[in-house]
Amino acid sequence: MNTANQATRQVVYDDAIVRLFVLATIVWGVVGLLLGVVVASQLSFFQMNLETSWFSFGRLRPLHTNGAIFAFVGNMMFAGIYHSMQRLLKARLGSDLLSRLHFWGWQLIIVAAAITLPMGLTQSKEYAELIWPIDVLVALVWVIFAVNFFMTIAKRNERNMYVAIWFYIATVVTIPVLYIVNNLHLPTSFTHSYPVFAGVQDALVQWWYGHNAVAFFLTTPILGIMYYYLPKAVGRPVYSYRLSVVHFWSLVFLYIWAGPHHLLYTSLPEWAQTLGMVFSLMLWAPSWGGMLNGLLTLRGAWDTLRTDPVVKFFIVAVTFYGMSTFEGPLLSIKSVNGLAHYTDWIIAHVHGGALGWNAGMAAGLLYWLVPRMWGTKLYSVKLADAHFWLSTFGILLYIGAMWTAGVNQGLFFQALDAEGYLANTDFVAVLKSGQFLYVMRLVGGGVFLIAYLLMVWNLWMTIRSGRPTRSEITVAALPAAPSVSAFALLASPPVVLSLVVIAVSLVFGLAGPVSSAVVAAIGVLVVIVCVAYYRRYQREEVRWHALLEGKSLLFTALVLVSILIGGLVQLVPTIASKPGGQAAAGPKGAMVAVESKYHQTPYAPLELEGRDIYVREGCYVCHSQMVRPFRHEVLRYGEHSRAESFVYDRPFQWGSKRTGPDLHRLAGRYPDLWHYQHMRDPRSTSPGSIMPAYPWLFTSTVDLARTAVKLSVLAQLGTPYSAEEIADARELALAQGRKIAENLRLSGGVEIAPDSEIVALIAYLQQLGLTREPPKLSAAEVK
């Protein structure tokens with residue numbers, strides 16, 4: 001054997017796993033979009049809920065979002081990562097076994113979600129609804145994926161990592177941090193648990209996760225896919241390497257801070273809200289830098305936009321990315337957020353990103369990948385073009401209708417008359433006025449689904465006409481790495497200056513009026529030093545980042561540090577604080593040292609069971625429990641909400657969309673009989689309502705044998721339940737249930753069991769917003 005043969009070897013890519021993820025993407029895309037059309041029809045025609053528990057809007061909507069995000073986009077993301085990283089690193093995936101475990105484990109998670117969510121088994125946190133056993137499975141499968149991913153990097157045959165790999169690394173290391181922290185729960189059973197965090201802390205942790213799940217699951221990996229497949233599709237290199245460096249590091253560092261913009265004007269501390277808003281506005285720059293880097297890659301190849309459906313989908317997707325990342329910071333501006341939050345404007349924003357950016361990139365990827373994975377040509381370019389134009393029309397109709405509905409809702413709710421009182425007092429009136437727009441949304445979603453089915457047929461015919469391919473490449477041994485130590489890179493000016501900028505910024509945020517001027521002056525000096533170094537960088541052609549790209553471990557560590565800084569600065573102070581003088585548990589769990597009249601009291605056993613029913617039915621999907629400090633909200637709903645009113649809320653139920661009114665000050669507003677009739681037939685109490693009926697609540701009973709376990713777990717988490725209360729939980733619940741059942745009998749002739757689910761739900765609703773000590777039941781009532 002000669003020397004030349006010894007210096008090279010053959011690498012066979014594992015494309016079988018790519019094909020599996022491609023097929024899963026196609027299938028789950030149909031499921032996710034079909035569910036979207038179903039829930040849109042339920043909002044247009046309440047009869048579509050079928051008065052069936054597992055088919056109700058509150059249970060199907062989380063299934064739709066999880067299906068679209070984790071099933072459709074998730075499988076597409078894994079297909080793109082596994083295909084592109086093998087080519088970029090010139091190496092087969094780390095382990096065939098781990099790849100298969102990853103695939104089948106992820107499909108098992110999706111199937112488990114599809115079974116449990118319609119059953120009402122949920123944690124009721126947006127994008128994190130899955131119950132704790134599935135959370136454990138998610139973490140396990142992600143570890144398998146991460147090990148496989150980094151094994152591939154470790155055995156790569158390409159020294160430097162291309163920009164797409166950077167974005168993949170950010171996704172792989174950030175998602176487990178977000179997911180694990182947000183899903184810290186104590187189980188009460190195999191299917192139920194309570195979060196470690198409560199109230200304000202739970203809200204902040206949830207939206208730190210929720211916003212960054214969008215960032216690091218729906219954005220960074222898809223950007224990596226864009227950086228690989230868009231240049232491949234047009235046959236041109238990425239427009240600017242330098243811009244991609246700035247885009248990556250600024251996006252990864254800034255994104256993690258922006259979560260609190262989902263909680264503006266809530267009970268979250270003002271400093272956290274302001275921090276979230278400021279960093280959201282800063283995201284404009286890197287987001288649009290990435291968009292322009294993608295669009296300008298077509299310089300000299302714009303003619304392909306007329307003829308190639310792959311390029312059409314990629315370019316429209318990148319354009320929607322630019323639109324969504326412009327709209328996101330816009331919605332984080334407080335004055336705009338005050339109008340848009342809790343309205344359908346947010347729905348338009350979310351679907352502009354999901355349908356335009358994510359589904360557009362998925363379509364482009366599938367049209368590019370499927371013919372190559374099966375060694376054939378696309379079955380029909382005309383069908384792909386029809387898919388493109390129909391889907392674009394559907395998206396525009398959908399988001400146009402929701403933008404219009406959202407602005408209409410915001411103005412409707414804010415309107416005051418000449419005397420400063422509500423001009424519009426009937427909540428249902430805005431639903432009636434927007435009914436046509438909801439039908440438009442349904443039509444737009446339906447058209448998008450039809451367009452997607454055209455793609456499914458096109459790809460299926462393409463697959464039938466070909467056969468699975470085998471890809472291999474001849475690789476040479478890697479040359480010796482540059483003799484630059486990791487310490488030298490860490491001690492180099494880019495890292496040091498970046499740390500100085502971060503430190504100065506943090507000090508400036510904490511400084512007082514006088515000292516902040518000094519810090520600002522130091523900041524100016526730092527900027528001058530940065531400019532001077534940049535000029536030296538240009539003059540001497542310093543290749544610091546190129547050297548860093550060759551050190552995968554150091555690169556990954558710097559990414560991890562970048563995402564941890566923002567999380568620690570926001571979460572630690574908020575979690576460590578006790579809002580409004582939170583009560584401490586005294587002897588035998590007695591509550592002591594309540595400093596605020598607004599301090600929440602612990603839920604009575606039956607109220608707690610009623611709250612769990614509220615969570616199970618997904619009521620947070622349509623109702624908020626957060627009265628913002630606006631005159632129009634105080635007039636409509638009652639006194640504005642305060643942080644100390646939520647200290648025992650696990651999980652928090654602030655919501656993010658009001659299809660129905662806010663419920664935080666609901667206690668005592670209506671009699672028990674009204675709630676009973678409202679849940680049986682919402683139109684009987686609120687003509688024109690689109691809320692589904694809940695007949696199963698009237699025939700099902702609460703398992704009060706489990707109530708003591710729930711109270712015991714909550715006591716471990718800090719809720720001041722005494723040992724006596726825990727021991728007598730069932731009797732206390734039945735006593736309160738008998739009082740409600742008797743009240744229903746006397747006021748409306750209703751005969752209902754005291755342990756029925758509707759009675760428990762009424763008990764919960766009738767204490768929402770109470771900040772006083774609930775009346776104690778006598779020993780006779782307990783017996």
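**Figure 1. Helices α13 and α15 packed against each other in the predicted model.** Let us start with two helix axes that come within 8 Å, those of α13 and helix α15 (residues 344-373), which cross at roughly 155°. That angle makes α13 roughly antiparallel to α15, since angles over 145 degrees count as roughly antiparallel. The contact between α13 and α15 contains 16 nonpolar, 8 polar and 1 charged residues. As for handedness, α13 passes α15 in a left-handed crossing.

**Figure 2. A salt bridge between helices α13 and α16.** Staying with α13, this view turns to the pair D385 and K312, whose closest N and O atoms are 2.9 Å apart. Which helices does this pair link? D385 sits in helix α16 (residues 381-414) and K312 in helix α13 (residues 309-332), so the pair links distant parts of the chain, 73 residues apart. Is K312 buried or exposed? With a relative accessible area of 8%, K312 is buried, because the cut-off for that class is under 20%.

**Figure 3. Two further salt bridges, E472 with R470 and E742 with R745.** The closest N and O atoms of E472 and R470 are 2.7 Å apart. E472 counts as partly exposed at 40% relative accessibility, while R470, at 60%, counts as exposed. In the other pair, E742 and R745, the closest N and O atoms are 2.6 Å apart. Both E742 and R745 belong to helix α30 (residues 729-748), where a spacing of 3 residues places them about one turn of the helix apart. E742 is partly exposed, with a relative accessible area of 33%, and R745 also counts as partly exposed, at 36% relative accessibility.

**Figure 4. A network of salt bridges.** Which residues are linked here? The network joins R59, R616, E617 and E757. Side chains of opposite charge can pair when their charged atoms come close. For the wider picture, a search of the whole structure finds 21 salt bridges.

**Figure 5. The crossing of helices α7 and α23.** Here the axes of helix α7 (residues 199-217) and helix α23 (residues 552-576) come within 9 Å, and they cross at roughly 165°. The two helices are therefore roughly antiparallel to each other. Is the crossing of α7 and α23 left-handed or right-handed? It is right-handed. On the α7 side, the contact is made by V200, Q201, L204, V205, W208 and F216. Helix α23 contributes I563, G567, Q570, L571, T574 and I575. By class, the residues of this contact divide into 8 nonpolar, 4 polar and no charged.

**Figure 6. Helix α8 packed with helix α9.** The pair consists of α8 (residues 220-234) and α9 (residues 241-255), which pack at an angle of about 170° with their axes 12 Å apart. At that angle, α8 is roughly antiparallel to α9. Look for T220, L223 and Y227 of α8, which make the contact together with S244, H247 and L251 of α9. This contact has 3 nonpolar, 3 polar and no charged residues.

**Figure 7. The surroundings of G660, in the loop between α25 (631-637) and α26 (672-680).** Although G660 is found in a loop, it counts as buried at 7% relative accessibility. Which residues does G660 contact, leaving aside its neighbours within four places in sequence? They are F427, C622 and H623. G660 and H623 are 37 residues apart in sequence, while their C-alpha atoms are 5.3 Å apart in space.

**Figure 8. L714 and the residues it touches.** Our last view places L714 in helix α28 (residues 707-716). L714 is buried, with a relative accessible area of 3%. Not counting residues up to four places away in sequence, L714 touches Y194, L608, R650, T719 and Y721. Y648 makes a handy reference point as well: the C-alpha atoms of L714 and Y648 are separated by 8.7 Å, with their positions 66 residues apart along the chain.

Definitions and conventions:
Residues numbered from 1 in each chain as written. Predicted model: local features only at pLDDT ≥ 70, side-chain atom pairs only at ≥ 80, totals over all residues. Heavy atoms only, no water. Salt bridge = Lys/Arg side-chain N within 4 Å of Asp/Glu carboxyl O. Helix = DSSP H or I, 4+ residues; strand = E, 2+ residues; numbered from the N terminus. Buried < 20%, exposed > 50% of the residue type's maximum accessible area, 1.4 Å probe, protein only. Axes fitted to C-alpha atoms, helices over the stretch in contact; angles between N-to-C directions. Parallel < 35°, antiparallel > 145°, perpendicular 65-115°, else oblique. Left-handed = near helix turned anticlockwise from the far one by under 90°. Contact = heavy atoms within 4.5 Å. Nonpolar A, V, L, I, M, F, W, Y, C, P; charged D, E, K, R; others polar.
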